[in-house]
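Good morning, and thank you for making time for this presentation. May I ask you to keep the structure in view while I speak?

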Amino acid sequence: MCGLVGFFSFKSYSESSVLLQRMSDAISHRGPDSAGGWVDDATGLHLAHRRLSIQDLSMSASQPMSSACGRYVIAFNGEIYNHLKVRGLLLQAGCFVTWKSHSDTETLVECFAFWGIERTLKIISGMFSIALFDKQNKSLYLARDRMGEKPLYWGWQGETLLFCSEVKALKPHPAFKGNVDRDSLALLMRHNCIPAPYSIYAGISKLPPGSYIEIPLSDINRAKSSVPQCYWSISGLTCGDNLGLFPSSDESVIDRTEVILKSVIDDHMISDVPVGAFLSGGIDSSLVAALMQLSSAEKIKTFTIGFDDKGYNEAEHAKAVAAHLGTDHCEIYVSPEDARNIIPSLPDIYCEPFADSSQIPTYLVSKLASRSVKVCLSGDGADELFGGYNRYLMAKNVWSSLARLPAPIRRTLSSLFKGVPPTCWDQFFSLLSPVIPEKYQLRMIGEKFHKLASVMGEGSEASFYRNLTSHWKNPESLVLQSSEPKTLISDFSSWSQEAGFQHNMMLLDAQTYLPDDIFVKVDRASMSNGLETRTPFVDHRLIKYALNLPMNYKIRGNEGKWILRQVLYRHVPSSLVDRPKMGFGIPLGNWLRGPLREWAESLINEPRLVSEGFFNPKLVSGVWKQHLSGKQNNQHLLWNILMFQSWHEIQ
């Protein structure tokens with residue numbers, strides 16, 4: 001895991017090497033082990049790399065790295081899990097290389113030299129962002145992995161091209177304008193993150209997952225008109241319920257799933273440094289830890305953090321799973337003060353405004369793990385691919401019933417549900433808890449009822465899903481002078497009529513929520529602690545398998561991730577992992593009414609909002625007062641605004 005930065009300009013800059021060093025230093029946390037820079041005298045392309053040494057710790061694996069033929073130069077952030085197998089493929093194809101290292105970077109640059117860009121990207125398996133320069137054609141290639149695990153920003157600022165792993169690296173460059181894109185800000189308010197290809201800065205884009213771009217540096221018109229090309233798309237793999245591809249018995253499908261999972265996880269354990277796993281005690285992380293331990297002759301290290309608040313604490317469950325598996329388990333209980341003390345650092349850690357509040361515990365568990373290992377595997381991606389989120393069950397059990405009701409009745413029910421404060425719903429269901437099985441008892445059920453009420457009036461599956469995944473429903477009324485851009489979620493034409501509702505939701509989550517929220521959260525939290533995270537569930541081989549898996553193996557009855565549960569039960573008793581999905585949260589709503597109130601009010605008071613001119617002050621004030629009254633828990637609406645305000649404060 002590393003970081004890269006670079007720039008090219010049709011105008012010259014004095015002390016450009018010093019400028020490149022300053023840009024590189026801005027992301028030194030991504031690569032604390034070493035740094036390297038390279039300049040092409042013919043074009044003036046500047047390229048720098050920060051290294052976190054994982055595979056081949058020697059200097060022979062340093063970057064930027066040239067191909068043996070001298071034609072290509074690469075800076076690469078990520079890991080190629082099948083790179084040793086790919087070396088064998090090169091040899092079979094007649095490419096004879098005298099290898100100088102056993103690093104995946106060298107494998108990668110020689111693949112590009114032999115096979116070219118697109119074929120190489122389709123052969124390799126891993127997570128990556130890549131900057132590759134072809135000296136002969138004077139073309140720069142930027143590429144991003146299939147699912148968007150690794151970040152890559154790029155864009156023109158006048159006659160200067162800038163690209164980097166994190167946008168904070170752009171600030172030292174004099175060409176960087178740093179103007180806030182209000183349309184992207186509207187997207188942030190809806191989604192709590194800014195989806196690709198947009199970024200918070202005008203003129204700077206995220207390279208979409210599964211794409212690359214060729215930028216010819218010898219021609220300004222062609223260079224500035226270059227657009228990303230797709231080399232892989234998850235939507236192109238969807239085949240629906242392909243029953244013919246699977247054995248007839250459940251046991252056979254469970255066997256096949258376990259074999260594929262174990263193979264992928266084994267590949268993700270490749271490393272020359274210690275590897276561990278995040279362990280929450282839930283289905284996904286427990287399964288990853290179980291199969292890792294199965295492949296390891298020594299105890300693997302597992303990590304979790306705990307909170308004294310039982311409503312947000314999973315540490316006890318994780319400890320029980322770890323004890324059963326026999327891992328070397330590390331846990332730490334953090335106080336609310338410990339968690340809140342991270343908040344002032346969030347704008348710098350994320351460097352683009354980001355408002356998933358689970359960023360705080362994710363940072364804390366990454367900090368814990370980084371004391372013992374340099375690589376951690378996580379269970380991210382399993383929910384999107386195997387039907388783990390509650391909204392997939394809601395689609396099956398709720399929308400199918402609601403859709404049969406006339407719209408006026410649905411709107412009336414919505415008003416009735418909203419008329420009861422969430423706290424009252426919580427109290428009502430707490431009275432019923434003795435007769436409700438523990439595995440069906442949900443945290444913050446009052447908020448979930450209000451969320452359900454907000455989508456009852458929708459007229460289609462696509463609008464139901466968009467509303468369900470939105471924070472601010474009409475961000476243009478909140479963000480002044482904004483026009484919300486179209487995304488995959490708002491473009492209802494992308495909604496497949498052939499696939500089922502659940503399948504469509506899972507596919508869109510995998511293309512939006514997973515790369516734009518989950519991977520951003522984990523990448524920045526871990527890299528700020530010098531820790532590499534790997535997500536075996538989004539290996540493209542496993543994705544293809546999951547997309548072809550009949551829905552009955554993902555969601556069966558009222559249980560999501562059915563097939564993963566069956567594999568896990570072979571290694572961990574169901575009693576240790578079967579419980580309601582908790583998520584990785586904090587009691588943010590109560591904090592905003594209590595210890596964070598003064599901080600929040602300093603950021604969103606009306607005079608300040610009027611002066612800065614980004615938000616509708618009256619609208620924000622109303623939401624804040626409603627939250628303070630306890631009538632509504634508006635924590636997510638407010639956190640979006642607060643994270644932007646705290647980010648903007650340090651720009």
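**The parallel sheet**

Strand 13 and strand 16, the latter covering residues 375-377, run parallel and are joined by three bridges. Please bear in mind throughout that this is a predicted model. Within this pairing, alanine 277 stands opposite leucine 377 of strand 16.

Strand 13 has a further partner: three bridges join strand 13 to strand 14, residues 301-306, and these two strands also run parallel. Here alanine 277 stands opposite threonine 302 in strand 14.

As a general remark, strands of a sheet pair through backbone hydrogen bonds, either parallel or antiparallel.

How many strands form this open sheet, and in what order? There are five, in the order 15-14-13-16-17, with parallel pairing. The edges are strand 15, residues 328-333, and strand 17, residues 532-534, each of which pairs on one side only. On average, and ignoring direction, neighbouring strands of this sheet are turned by 30 degrees against each other.

Let me return to strand 13, residues 275-278. Which way do its residues point? Val275 and Ala277 point one way, Gly276 and Phe278 point the other way, and all are buried. In a regular strand the side chains alternate between the two faces of the sheet.

Towards the edge, strand 14 and strand 15 pair in the parallel sense over six bridges. The bridge partner of lysine 301 in strand 15 is aspartate 328. Helix 9, residues 315-325, lies across strand 14 and strand 15, and helix 9 runs at about 170 degrees to strand 15.

**The antiparallel sheet**

I turn now to another open sheet, formed by six strands in the order 4-5-6-7-11-12, with antiparallel pairing. Its edge strands are strand 4, at 65-66, and strand 12, at 229-230, and each pairs on one side only.

Inside this sheet, strand 6, residues 126-134, and strand 7, residues 139-144, run antiparallel and are joined by six bridges. Aspartate 134 has serine 139 of strand 7 as its bridge partner. Helix 3, residues 104-115, packs on the sheet and touches strand 4, strand 5 and strand 6. The direction of helix 3 makes about 130 degrees with that of strand 5, residues 72-80.

**A helix pair**

Next, I should like to consider helix 26, residues 597-604, and helix 29, residues 635-649. These two helices pack at an angle of about 70 degrees, with their axes 9 Å apart. Helix 26 is therefore roughly perpendicular to helix 29, given that angles of 65 to 115 degrees count as such.

Which residues of helix 26 make the contact? They are Trp599, Ala600, Leu603 and Ile604. On the side of helix 29, the contact residues include Leu638, Trp639, Ile641, Leu642 and Met643, together with Gln645, Ser646 and Glu649. Sorted by class, this contact has nine nonpolar, two polar and one charged residues.

**The cysteines**

Finally, how many disulfides does the structure hold? The number is zero. Cysteine 193 is in no disulfide, and the nearest cysteine sulfur, that of cysteine 351, is 14 Å away. Is cysteine 193 buried or exposed? Cysteine 193 counts as buried, because its relative accessibility is 4%.

Why is cysteine 330 without a bond to cysteine 376? The sulfur of cysteine 376 is the closest cysteine sulfur to that of cysteine 330, but at 9.6 Å it is too far for a bond. A disulfide would require the two sulfur atoms to be within 2.5 Å.

Thank you for your attention.

Definitions and conventions:
Residues numbered from 1 in each chain as written. Predicted model: local features only at pLDDT ≥ 70, side-chain atom pairs only at ≥ 80, totals over all residues. Heavy atoms only, no water. Axes fitted to C-alpha atoms, helices over the stretch in contact; angles between N-to-C directions. Helix = DSSP H or I, 4+ residues; strand = E, 2+ residues; numbered from the N terminus. Parallel < 35°, antiparallel > 145°, perpendicular 65-115°, else oblique. Contact = heavy atoms within 4.5 Å. Nonpolar A, V, L, I, M, F, W, Y, C, P; charged D, E, K, R; others polar. Pairing = 2+ DSSP bridges. Buried < 20%, exposed > 50% of the residue type's maximum accessible area, 1.4 Å probe, protein only.
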